[in-house]
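Here is a set of exercises to work through with a viewer open. Try each task on your own before you read the solution.

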Amino acid sequence: MSQAPLQSLLDLLDLEQIEENIFRGQSRAGVVPRVFGGQVAAQALVAAGRTVPEDRLAHSLHAYFLRVGDAGAPIVYTVDPMNDGRSFTTRRVVAVQHGQPIFALSASFQRYEEGLDHQAPMPPAPDPATLPTAEERLPSYGLDPDIVEKFLEARAAVDLRYVDDPPYGRYGQPREPHSQVWFRANGKLDDDPLLHVVLATYVSDMTLLDSILLAHGRGGWAVGDVVGASLDHAMWFHRPFRADEWLLYDQESPSSSGGRGLGQGRIYTRDGQLAISVIQEGVVRVPRTTPGSVTSR
C-alpha cells in the first residue's frame with residue numbers, strides 16, 4: 001500500500017514554529033465538516049513536545065475541546081512552560097483560531113526511571129490479520145456512498161479494523177457497551193518516541209465513544225441518529241510502543257446521562273503490554289425533530 005496517506009497525515013501534524021513557544025498548524029476536515037478532535041490533540045502534543053528535553057517522554061495529557069475547529073483556517077498553538085523539574089516537565093498548550101481558544105491541553109513528560117510494575121491483563125481478541133479491512137467492511141453496510149468515501153479518506157493513514165460491527169454497521173438494537181479495534185499506522189514510522197505517542201493520540205479519538213452508541217442501539221453520525229462532540233480527553237502513556245505495529249484498543253462505556261456519555265479504553269501492544277489508558281467524555285444527543293431546532297454544545 002502507498003505511504004502517501006500516512007505522509008500526508010505526518011505533514012499535517014508537523015508544525016511550523018513562528019516564535020519561541022508559538023507554533024502554527026494546518027487544518028483539514030474529518031468525516032464531518034469540522035476539524036477532527038484527534039488532529040488538534042495530536043498537534044497540541046507536538047507543540048508541547050518540541051519545548052521539552054529529548055530525554056523526557058510524554059506520560060500523560062489532559063485536554064478540553066472548547067469550540068468547533070474551522071477546517072479552512074490554520075491553528076496557532078501557544079505553549080506555556082509551566083514547570084521543569086528534575087524528573088518531570090509540564091506544559092500547557094492553548095490552540096487558537098480566529099482569535100478564540102478552541103482547545104486547551106496540559107501534558108506532562110518524565111525522564112525514564114525504574115519502578116514497581118504491574119498491569120491489567122490484555123483481554124481476548126482475534127488476530128488482526130483475520131479481520132476485514134475498512135475497505136472490505138464499510139461498503140457492506142449499505143451506507144451512503146459519500147459517507148463511505150469520507151470514512152475511507154479520513155482513515156487512509158491508519159489501518160483500523162473492528163473486531164465486531166461498528167455502531168453504524170448493525171444499529172437498532174442495544175448491544176453490550178464494549179468495542180474493540182486493532183490499529184496501526186499504514187506505513188513505517190521513524191524511531192522518535194514522541195511521533196508514536198502523537199499518532200496514538202490522533203487515533204484515540206476515532207472510536208472511543210462507539211461503546212456509548214452500542215449501549216443504545218444508535219448508529220451515530222453515519223446514519224444521523226445522534227449528534228455529538230468530544231468534551232474532554234485524557235491519556236496516560238504507561239509503556240513503550242510503536243504506532244506502526246498492531247495495537248488493540250479495548251473500549252467500554254460505564255455511563256451516559258444528561259446528554260453526555262463517558263468512554264474509557266485501554267491500548268495494548270500485540271504481545272500484551274498495557275501501553276495507554278484513555279478516558280473521554282462527549283456530548284451525545286438524540287436529534288430534535290422540531291423544525292428550526294438547533295443542537296450545539
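The exercises below concern a predicted model, and each task is followed by a worked solution.

**Exercise 1. The sheet**

Task: Find the order of the 12 strands in the open sheet, and say which strands stand at the edges.

Solution.
- Step 1. Trace the strands from one side to the other: the order reads 1-2-4-5-6-3-9-12-11-10-8-7.
- Step 2. Check the directions of the neighbours; the pairing is antiparallel.
- Step 3. Look at the two ends of that order. Strand 1 (16-19) and strand 7 each have a single partner strand, so one side of each is left without a neighbour in the sheet.
- Step 4. Follow the turn of the sheet from one strand to the next, where the twist averages 25°.

**Exercise 2. A helix on the sheet**

Task: Which strands does helix 2 touch, and what angle does its direction make with that of strand 6?

Solution.
- Step 1. Locate helix 2 at residues 37-49, where it packs on the sheet.
- Step 2. List its contacts: strand 2 (22-25), strand 3 (56-65), strand 4 (75-84), strand 5 (88-97) and strand 6 (100-111).
- Step 3. Compare directions; helix 2 and strand 6 make about 50°.

**Exercise 3. Register around strand 6**

Task: Work out how many bridges join strand 6 to strand 3 and to strand 5, and find a bridge partner in each pairing.

Solution.
- Step 1. Strand 3 and strand 6 are antiparallel, with 9 bridges. Within strand 6, Ala-107 is the bridge partner of Leu-61.
- Step 2. Strand 5 and strand 6 are also paired in the antiparallel sense, over 10 bridges. Here Val-94 has Ala-104 of strand 6 as its bridge partner.
- Step 3. Now look at the connection: strand 5 and strand 6 form a hairpin with 2 residues between them.

**Exercise 4. Register from strand 9 to strand 10**

Task: Describe the pairings that link strands 9, 12, 11 and 10, giving bridges and some facing residues.

Solution.
- Step 1. Begin with strand 9 (residues 227-237) and strand 12 (residues 274-285), an antiparallel pair with 10 bridges. Facing strand 12, Phe-237 stands opposite Ile-276, while Gly-228 stands opposite Val-284.
- Step 2. Move on to strand 11 and strand 12, which pair in the antiparallel sense over 9 bridges. Gln-264 stands opposite Ile-279, and Gly-265 has Val-278 as its bridge partner.
- Step 3. Finish with strand 10 (residues 247-257) and strand 11 (residues 260-269), which run antiparallel and are joined by 9 bridges. Glu-252 stands opposite Gln-264 in this pairing.

**Exercise 5. Positive phi in loops and turns**

Task: Find residues with a positive phi in the loops, and place each one.

Solution.
- Step 1. Recall the background: most residues other than glycine have a negative phi.
- Step 2. Asn-21, in the loop between strand 1 and strand 2, has a positive phi near 65°.
- Step 3. His-98 sits in the loop between strand 5 and strand 6. Its phi is positive, about 50°, although His-98 is not a glycine.
- Step 4. Turn to the glycines. Gly-258 takes a positive phi near 60° in the hairpin of strand 10 and strand 11, which has 2 residues between the strands.
- Step 5. Gly-272 has a positive phi of about 95°, in the turn of the hairpin that strand 11 and strand 12 form with 4 residues between them.

**Exercise 6. The cavity**

Task: How many cavities of 30 Å³ or more does the whole structure hold, and what lines the largest?

Solution.
- Step 1. The search finds 1 cavity of 30 Å³ or more. The volume of the largest cavity is about 110 Å³.
- Step 2. Select the lining, which includes Pro-132, Tyr-141, Arg-155, Pro-166 and Tyr-168.
- Step 3. Sort the lining residues by type: 8 are nonpolar, 1 is polar and 3 are charged.
- Step 4. Map the lining onto elements. Helix 3 (134-137) and strand 7 (158-162) each give two or more residues, and the largest share, 3 residues, comes from strand 7.

**Exercise 7. An aromatic pair**

Task: Classify the pair formed by Phe-151 and Trp-221.

Solution.
- Step 1. The centres are 6.2 Å apart and the planes are at 70°.
- Step 2. Planes over 60 degrees apart count as edge-to-face, so the pair of Phe-151 and Trp-221 is edge-to-face.
- Step 3. Place the partners along the chain: Phe-151 is in helix 4 (residues 145-154) and Trp-221 in the loop between helix 6 (210-215) and strand 9, 70 residues apart.
- Step 4. For the whole model, the count comes to 6 aromatic pairs.

Conventions. Residues are numbered from 1 along each chain as its sequence is written. This is a predicted model: local features need pLDDT of at least 70, side-chain atom pairs count only at pLDDT 80 or more; totals for chains, interfaces and linings use all residues. Side-chain values use heavy atoms; hydrogens and water are left out. On a 1 Å grid over the protein atoms alone, a cavity is a set of points where a 1.4 Å probe fits but cannot get out, and a pocket is an open set with protein on both sides within 12 Å along at least five of seven lines; lining residues have an atom within 4 Å of a point. Grid points are joined across faces, edges and corners, and a volume is the space filled by probe spheres set on the points. Ala, Val, Leu, Ile, Met, Phe, Trp, Tyr, Cys and Pro count as nonpolar, Asp, Glu, Lys and Arg as charged, and the others, Gly among them, as polar. Two strands pair if DSSP finds at least two bridges between them. Axes are lines fitted to C-alpha atoms, for helices over the stretch in contact, and angles run from 0 to 180 degrees between N-to-C directions. Contact means heavy atoms within 4.5 Å. Rings of Phe, Tyr and Trp (its six-membered ring) pair if their centres lie within 6.5 Å; planes under 30 degrees apart count as stacked, over 60 as edge-to-face and the rest as tilted.
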